[in-house]
Amino acid sequence: MIPNLTSRRLLILLHIWLSYLFYNPADSGAVQLSASNIDSTLASNELVFINFYADWCRFSNMLAPVFDEAADKVTVEFPTPGRVVMGKVDCDKEGTLASRFHITKYPTLKLFQNGQPAKREYRGQRSVDAFVSFVKKQLEDPTKEFSSLKDLENLDEKKRMLIGYFDRRDNPDFNTFRRVATNLKDDCQFHVGFGFSHDAINSVIKPASEQMHPPGQSIVVFRPDKATSNEHDETFMGDIRSYDELNIWAAEKCVPLVREITFENAEELTEEGLPFLILFHKADDTESIKKYKDVINKELIGEKHSVNFLTADGGRFSHPLHHLGMSQSDLPLIAIDSFRHMYLFPKFEDMEIPGKLRQFLLDLYSGKLHREFHYGPDTPAENTVELIAGSVDKKPTSPPESSFKKLAPSKNRYTLLRDEL
């Protein structure tokens with residue numbers, strides 16, 4: 001009995017020793033990515049979820065084991081090659097990748113779908129279950145099938161959407177449509193129907209005389225937010241089988257010039273670093289939003305790279321209103337948040353006077369808004385020499401501080417790489 005027991009123990013010890021000897025931590029956890037393998041990984045997988053980290057960052061060190069454990073579980077859940085990879089990038093060793101993907105804080109969690117970065121970083125809970133649930137959700141089919149053309153009459157008019165018509169589900173055109181949907185599902189709803197006749201479809205798309213399609217040809221239509229927009233339905237006239245062509249067109253349609261700011265997306269909007277031009281409105285006020293969007297589209301589209309055009313529910317964002325000395329009874333109103341100060345547009349109705357809102361923006365760029373807050377309104381007789389010499393007697397004022405800069409990335413969650421945040 002004793003010799004047998006001893007032999008058994010020796011075998012167990014030998015097994016443990018061999019396991020330790022040949023254990024390779026790289027075989028588990030997230031895949032280590034570098035400049036040599038990241039492009040092939042992005043190109044060959046439907047979804048890649050990457051943790052950009054630095055070893056010296058305590059937040060990165062806290063996240064590492066959690067992210068690795070989640071990666072192991074995701075591998076078990078989705079073992080098919082080409083479906084999903086959870087990876088990690090050491091930004092100290094891979095500085096070119098950190099620059100390429102605009103990493104401004106550690107750790108940064110970015111999602112890539114079909115080789116393209118998602119617009120939004122992952123900002124949810126940092127737990128194993130949360131990561132696994134997030135990946136599962138991203139891999140769900142984002143398209144919603146309708147069985148009757150009448151179903152389209154009951155869609156939410158407050159949503160922007162792309163509607164696809166295909167003869168069958170295994171049509172390559174639908175696969176392209178589905179891939180585009182995975183990239184833009186946060187910006188648009190995607191609805192799809194199969195087997196409808198081209199006559200029936202053309203009867204729904206107006207005007208039919210301009211939208212006729214030959215039998216068997218797939219159709220993709222953009223339907224704007226009807227509740228707060230005066231835009232019309234538009235049919236995609238390019239090559240539906242071209243992923244790049246359809247994706248570029250869909251992105252232009254789905255990502256509006258004027259966006260709604262919420263507590264969920266405020267952090268990512270502040271990270272863009274552009275000042276906010278915001279319409280504060282009552283929750284049920286769609287008419288002021290429509291008018292605001294019309295003015296932006298007609299007069300300020302050329303400023304889209306210099307400012308973020310936003311709408312905000314004044315009930316949810318009551319704190320900025322308080323800073324401006326306003327309340328919900330004063331809505332609707334327009335203000336600029338420069339991330340230093342907030343400036344109030346004098347009168348909402350004046351927005352529709354041609355050039356008035358544009359001048360408000362130009363006054364921000366020139367520094368006039370800031371100067372007038374400190375020294376009072378400019379007059380033709382004033383000039384810089386007089387102000388410096390003190391010949392003009394003006395009492396300095398204190399413009400309200402920015403409210404939205406407080407919604408920027410938290411120093412309690414990230415190691416920030418930019419002082420202005």
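# Exercises on a predicted model

**Exercise 1. Find which ring the charged end of K105 sits over, and which ring face R179 lies over.**

Solution. The charged end of K105 lies over the ring of Y414, at 4.9 Å from the ring centre. The model is a predicted one. The cut-off for a charge over a ring is 6 Å from the ring centre, together with an angle within 35 degrees of the ring normal. A second case is R179, which lies over the face of Y243 at 4.1 Å from the ring centre.

**Exercise 2. Determine how many disulfides the structure has, and give the handedness of the disulfide of C188 and C254.**

Solution.

Step 1. Apply the cut-off: two cysteine sulfur atoms must lie within 2.5 Å. The sulfur atoms of C188 and C254 are 2.2 Å apart, and these residues form a disulfide. The count under this rule is one disulfide.

Step 2. Take the torsion about the S-S bond of C188 and C254. Its value is about -105°, so the disulfide is left-handed.

Step 3. Place the two ends. C188 is in the loop between α6 (172-184) and β9 (189-194), while C254 belongs to helix α8 (residues 243-254); the pair therefore ties together parts 66 residues apart in sequence. C188 and C254 are both buried.

Step 4. Check C57 and C91. C57 is in no disulfide, and the nearest cysteine sulfur to it, that of C91, is 10.0 Å away. With 1% relative accessibility, C57 counts as buried. C91 is likewise in no disulfide, its nearest cysteine sulfur being that of C57 at 10.0 Å. C91 has 4% relative accessibility and counts as buried.

**Exercise 3. Classify the ring pair of F146 and Y165, then the ring pair of F166 and F194.**

Solution.

Step 1. A pair of aromatic rings is described by the distance between the centres and the angle between the planes. The structure holds 23 aromatic pairs.

Step 2. For F146 and Y165, the ring centres are 6.0 Å apart and the planes stand at 75°, so this pair is edge-to-face. The pair links distant parts of the chain, 19 residues apart: F146 sits in the loop between β7 (143-145) and β8 (161-166), and Y165 in strand β8. F146 is buried at 6% relative accessibility, and Y165 is buried with a relative accessible area of 4%.

Step 3. For F166 and F194, the centre-to-centre distance is 6.3 Å and the angle between the planes is 40°, which makes a tilted pair. This pair also links distant parts of the chain, with F166 in strand β8 and F194 in strand β9, 28 residues apart. F166 counts as buried at 3% relative accessibility. F194, at 18% relative accessibility, counts as buried because the cut-off is under 20%.

Step 4. Ring pairs also link residues into a cluster, made up of F263, F276, F280, F317, F339 and F404.

**Exercise 4. State how many helices and strands the protein chain has, what share of its residues is buried, and what area it exposes.**

Solution.

Step 1. The protein chain has 14 helices and 17 strands.

Step 2. It has 421 residues, of which 46% count as buried.

Step 3. Take the contacts in the protein chain with a separation of 6 or more: residues 24 or more positions apart account for 73% of them.

Step 4. The protein chain exposes about 22800 Å², and 53% of this area is supplied by carbon and sulfur atoms.

How values were computed
Residues are numbered from 1 along each chain as its sequence is written. This is a predicted model: local features need pLDDT of at least 70, side-chain atom pairs count only at pLDDT 80 or more; totals for chains, interfaces and linings use all residues. Side-chain values use heavy atoms; hydrogens and water are left out. Helices (H or I, at least four residues) and strands (E, at least two) are DSSP runs, numbered from the N terminus. Buried means under 20% relative accessible area, exposed over 50%, partly exposed in between (1.4 Å probe, protein chains only). Contact means heavy atoms within 4.5 Å. Accessible areas come from the Shrake-Rupley method with a 1.4 Å probe; for residues, only the protein chains shown count as cover. Rings of Phe, Tyr and Trp (its six-membered ring) pair if their centres lie within 6.5 Å; planes under 30 degrees apart count as stacked, over 60 as edge-to-face and the rest as tilted.
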